[in-house]
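Colleague: I would like to learn how to read this model. Can we go through it feature by feature?

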Amino acid sequence: MRLLFADRLSEQTLSELEARGHECVVEPGLSADDLAGRITGFDGLVVRSTKVRRPVFEAADRLSLVVRAGAGTNTIDTDAAAERGVFVCNVPGRNAAAVAELTLGLLLAVDRRIADNVADLRAGRWDKDRYGKAEGLLGSTMAILGLGSIGLLVAERAAAFGIRVQAQTRPGRSAQTVARAEELGVTWCDSLGELLATSDVVSLHVPAGPDTEHLVDAAFLAQMKDGAVLLNTSRGDVVDEEALLAALDAGRVRAGLDVYADEPGSGQTAWTSKVAQHPAVVGTHHIGASTAQAQRAIAQGVTEIVEAFTHGEVRHCVNLDHSRLGSFTLTIRHHDRVGVLAQVLDQVSSAGLNVEHMENRVFRGGQAAVASIDVAGESSDVLVEALRALPHVLSVAEVTLDPASPAGSA
Ligand SMILES: NC(=O)C1=CN([C@@H]2O[C@H](COP(=O)(O)OP(=O)(O)OC[C@H]3O[C@@H](n4cnc5c(N)ncnc54)[C@H](O)[C@@H]3O)[C@@H](O)[C@H]2O)C=CC1
Ligand SMILES: O=C(O)C(=O)COP(=O)(O)O
């Protein structure tokens, strides 16, 4: 594949990909605005936080894969990609430990005012009176919103500090997550109000999106305990910064932030932000994932995704429709001969039906294969009989799909 890297990734990944025959063009200086003018001629695009907007997909001539070398895909117009059949994949979980470490670092820094301590020492001031007044974390209570890869690792680290961790009950949470959370001693609150009112620390680990935009607003902050600490290492959009500013000014809360609503991308630039500069905030420069360990793990994940993709497997795609759109599945056993599937599809199309998903697997020896075809519309005996009558078709079975069942669960 011809791959454009619009952010810097480890040299090892680039040499591994090149050793496997891929061409890697590395242009970390490209901005979001430059991408549309640069994308032609590339099959794949690899980015960290550089935004990939609709014009990139409109300008692309052969782009088939965008890899987000990280977790959050809110920086990529995944709908525009989906409209043009471009896969957007992320590398989930691989930078979670780094973000969890920073989250605890921010909490300690807020509680002990580490940044102010350091600034005064560097300025030649000793002030034990001022800085010797932390509450301490042992026995305090932390709410985690977003109990995914990062949230669970934060829970694990917080528990090691003797912090009681709680989360809100949430429909659809996997049994595995619930089991791991309970192993870590996480307890459950039925409502957000109860969660916030009983927590000394609130840590955000939800993805950005319409459901979580300004999740932390004035009402949310008003429900937090007086003097509580808000930690945000997820995305700036999750917090209404005007509301946070008001709560900070009122001395109601303190905050540890790694992400901001209008943060710049990578590199260096002059930048001011009222929340980032607030004296009750310990802020970092969106560096949650920026450890060498995490970046090595992410880079390895990128190599795996690109390699799997070249072998026909799409890993960690975030813009496929995973719900079955078909209304029935045809399972067709056939001799593995040229043209058999074309005839099958011809019959399906003559019946006015649309194929939503299909897979064809060849048996050992290459004599026979089985095709599984999810079809939208109404099946009929006429179609099934026409398929059975085709040369080289061995058998045809038809199963009606349950619209509520996700793909692959049948
Ligand atoms: N500061 C940094 O450098 C980094 C920030 N991130 C951010 O952290 C986010 C989370 O990352 P991961 O834990 O790896 O993702 P994840 O997908 O493993 O976990 C997200 C969790 O949030 C839950 N969730 C979604 N909507 C929710 C809602 N409305 N309320 C409560 N829970 C909700 C999901 O069910 C899932 O369990 C990413 O989407 C990204 O925006 C990720 C990596 C680095
Ligand atoms: O993985 C994520 O979601 C991150 O926020 C990390 O962003 P970055 O790769 O450091 O620009």
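Colleague: Start with strand β6 (residues 141-145): how many of the 5 residues are buried?

Modeller: First, the ground rules. This is a predicted model, where local features need pLDDT of at least 70, side-chain atom pairs count only at pLDDT 80 or more, and totals for chains, interfaces and linings use all residues. Residues are numbered from 1 along each chain as its sequence is written, while chains are lettered from A and ligands numbered from 1 in the order in which they are written. Now burial: a residue is buried if 20 or more other C-beta atoms lie within 10 Å of its own, exposed if 12 or fewer, and partly exposed in between, with C-beta atoms placed from the backbone. In β6, 4 of the 5 residues are buried, so the strand is largely enclosed by the rest of the structure.

Colleague: Which strand is joined to β6, and by how many bridges?

Modeller: Strands are DSSP runs of E, at least two residues long; helices are runs of H or I, at least four; both are numbered from the N terminus. Two strands pair if DSSP finds at least two bridges between them. Here β6 and β7 (residues 164-168) run parallel, joined by 3 bridges. Met 142 sits opposite Val 165 of β7.

Colleague: What is the overall inventory of helices and strands?

Modeller: The protein has 15 helices and 16 strands. Its C-alpha atoms fill a box of roughly 90 × 45 × 35 Å along the principal axes. Of its 410 residues, 34% count as buried.

Colleague: Now helices. Why do the buried residues of α1 lie on the same side?

Modeller: An α-helix has 3.6 residues a turn, so residues three or four places apart point the same way. In α1 (residues 11-19), the buried residues are Thr 13, Leu 14 and Leu 17. They cover an arc of only 100° around the axis, which puts them on the same side of α1; the arc is that of the directions from the helix axis to the C-beta atoms. The face turned away carries the exposed Glu 11, Gln 12, Ser 15 and Ala 19.

Colleague: What covers the buried residues of α1?

Modeller: The cover includes β1 (2-5), β2 (23-26) and α13 (292-310). Just after α1, Gly 21 takes a positive phi of about 95°.

Colleague: Where does ligand 1 lie with respect to domain 1 and domain 2?

Modeller: Domain bounds come from an automatic or database domain assignment. That assignment gives domain 1 (2-93 + 293-310), domain 2 (96-288) and domain 3 (328-400). Domains 1 and 2 both give residues to the shell around ligand 1, so the ligand lies between them. The centres of domain 1 and domain 3 are 36 Å apart, taken over C-alpha atoms.

Colleague: Which residues come nearest to ligand 1?

Modeller: A residue is near a molecule if its C-beta atom, placed from the backbone, lies within 6 Å of it. Of the 30 residues around ligand 1, Gly 72, Gly 146, Gly 148, Pro 207 and Gly 288 come nearest. Helix α8 (149-160) gives the most to this shell, with 3 residues.

Colleague: Last, a loop. Is Gly 366 buried or exposed?

Modeller: Gly 366 lies in the loop between β14 (354-362) and β15 (368-376). With 9 C-beta neighbours inside 10 Å, Gly 366 counts as exposed. Gly 366 and Thr 291 are 75 residues apart in sequence and 48 Å apart in space, C-alpha to C-alpha.

Conventions. Contact = placed C-beta atoms within 7 Å.
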